[in-house]
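Subject: Structure handover

Hi,

Here is the structure I promised to pass on to you. Please have a look at it first, and then read my notes underneath.

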Amino acid sequence: MSPARHAPKPPSRSRIPPRALMARAARVRLVLLDVDGVLTDGRLYYGAEGELMKAFDVKDGHGIVLLRDQVDFGVISGRPGKATQRRLEELRFKHVIFGQLDKLAGYAQLAHLGLADDEVAYMGDDVVDLPLLRRVGLSAAPADARPEVRAAVHFVARAGGGRDAMRELCDLIAAARGAGHR
């Protein structure tokens, strides 16, 4: 009997032609993310003392590290947390908005950056993310995002949230900027 094999990931999906997707990705100067379900798999772990723990994928982090000198990164998240704050500090995120379920209101807090909507990418996974996903120049979702979210975005990763989806978005932006990742 042969060892079990992992099924190959399906190709990423785009609702727009590849050339248009690359053009949108090339304009990105700021990448915004939701946290739970994007940088994590969405599951919440509680320790014996009630402390919240989350798992972050190192491949997602490496994609961010490889791209962070070319674009800025930020989060707009409804859930604050020490674990998330620590990971974002490690990755040197410049813009962190916690406790904001209204993603457009969180986005408005970044107006001082002077960026046009088409210079912003956002990856989200649930219906609360839809208003911002519909506004930005490049919208993306993990493979396991809600169906209505996957239907609304420009790019759907092959991987799920917290399992390499963010790396795929980083690779797309890097390729569009002519700086492929190693």
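D164 is buried, because its relative accessibility of 11% falls under the 20% cut-off. Its phi is near 105 degrees, a positive value in a residue that is not glycine. D164 belongs to the loop between strand 9 (155-156) and helix 7. Please bear in mind that this is a predicted model, so that every value below is computed from it.

G161 lies in that loop between strand 9 and helix 7 as well. This glycine is buried, with a relative accessible area of 0%. Which residues does G161 touch, leaving out those up to four places away in sequence? They are G37, V38, T40, D41, P142 and D144. G161 and D57 are 104 residues apart in sequence, yet their C-alpha atoms are 9.1 Å apart in space.

There is a second residue with an unusual sign to look at.

R92 also has a positive phi without being glycine, in this case near 60 degrees. Its place is the loop between helix 3 and strand 6 (95-97). Is R92 buried or exposed? R92 counts as exposed, because its relative accessibility is 54% and the cut-off for that class is over 50%.

Now for the salt bridges, of which the structure holds 16. One of them joins the side chains of R79 and D36, at 3.2 Å from N to O. This pair links distant parts of the chain, 43 residues apart: R79 sits in the loop between strand 5 (72-76) and helix 3 (82-90), and D36 in the loop between strand 2 (30-33) and strand 3 (45-46). R79 is partly exposed at 35% relative accessibility, whereas D36 is buried at 17%.

K59 and D57 form another salt bridge, with 3.6 Å between the closest N and O atoms. Here K59 is partly exposed, with a relative accessibility of 41%, while D57 is buried, at 13%. D57 is the residue mentioned above, with its C-alpha 9.1 Å from that of G161.

A salt bridge within one helix is the one between R86 and E90, whose closest N and O atoms are 3.7 Å apart. Both residues belong to helix 3 and are 4 residues apart, about one turn of the helix. R86 is exposed at 58% relative accessible area, and E90 is partly exposed at 43%. Beyond these pairs, D34, K103 and D129 are linked in a network of salt bridges.

Some of these names come back in the pocket. The largest pocket holds about 160 Å³ of space. Its lining has 13 residues, and those closest to the centre are D34, D36, G78, R79 and L101. What classes make up this lining? There are 7 charged, 3 polar and 3 nonpolar residues. The salt-bridged R79 and D36 are thus both among the residues closest to the pocket centre, as is D34 from the network with K103 and D129.

Next, the nonpolar interior. In soluble globular proteins, nonpolar side chains tend to be buried together. The largest nonpolar core here has 31 residues, and V31, M166 and L169 have the most contacts inside it. At least two residues each come from helix 1 (18-26), strand 2, helix 2 (58-67), strand 5, strand 7 (120-123), strand 8 (138-141) and helix 7 (165-176). Helix 7 is the biggest contributor, giving 8 residues. Setting aside neighbours within four places in sequence, L169 is in contact with V31, M123, L138, A140 and F155. Another core, of 18 residues, lies apart from this one and includes L30, I76, L132 and A152.

Lastly, a word on Y107, which is found in helix 4 (residues 103-108). Y107 counts as buried, because its relative accessibility is 7%. Its contacts, not counting residues up to four places away in sequence, are L32, I76, D117, V120, L132 and R135. Two of these, I76 and L132, are also named in the core of 18 residues. The C-alpha atoms of Y107 and V136 are separated by 9.9 Å, with their positions 29 residues apart along the chain.

Best wishes

Note on methods
Residues are numbered from 1 along each chain as its sequence is written. This is a predicted model: local features need pLDDT of at least 70, side-chain atom pairs count only at pLDDT 80 or more; totals for chains, interfaces and linings use all residues. Side-chain values use heavy atoms; hydrogens and water are left out. On a 1 Å grid over the protein atoms alone, a cavity is a set of points where a 1.4 Å probe fits but cannot get out, and a pocket is an open set with protein on both sides within 12 Å along at least five of seven lines; lining residues have an atom within 4 Å of a point. Grid points are joined across faces, edges and corners, and a volume is the space filled by probe spheres set on the points. Ala, Val, Leu, Ile, Met, Phe, Trp, Tyr, Cys and Pro count as nonpolar, Asp, Glu, Lys and Arg as charged, and the others, Gly among them, as polar. A salt bridge is a side-chain nitrogen of Lys or Arg within 4 Å of a carboxyl oxygen of Asp or Glu. Buried means under 20% relative accessible area, exposed over 50%, partly exposed in between (1.4 Å probe, protein chains only). A nonpolar core is a set of buried Ala, Val, Leu, Ile, Met, Phe, Trp, Tyr and Cys residues joined through side-chain atoms within 4.5 Å. Contact means heavy atoms within 4.5 Å.
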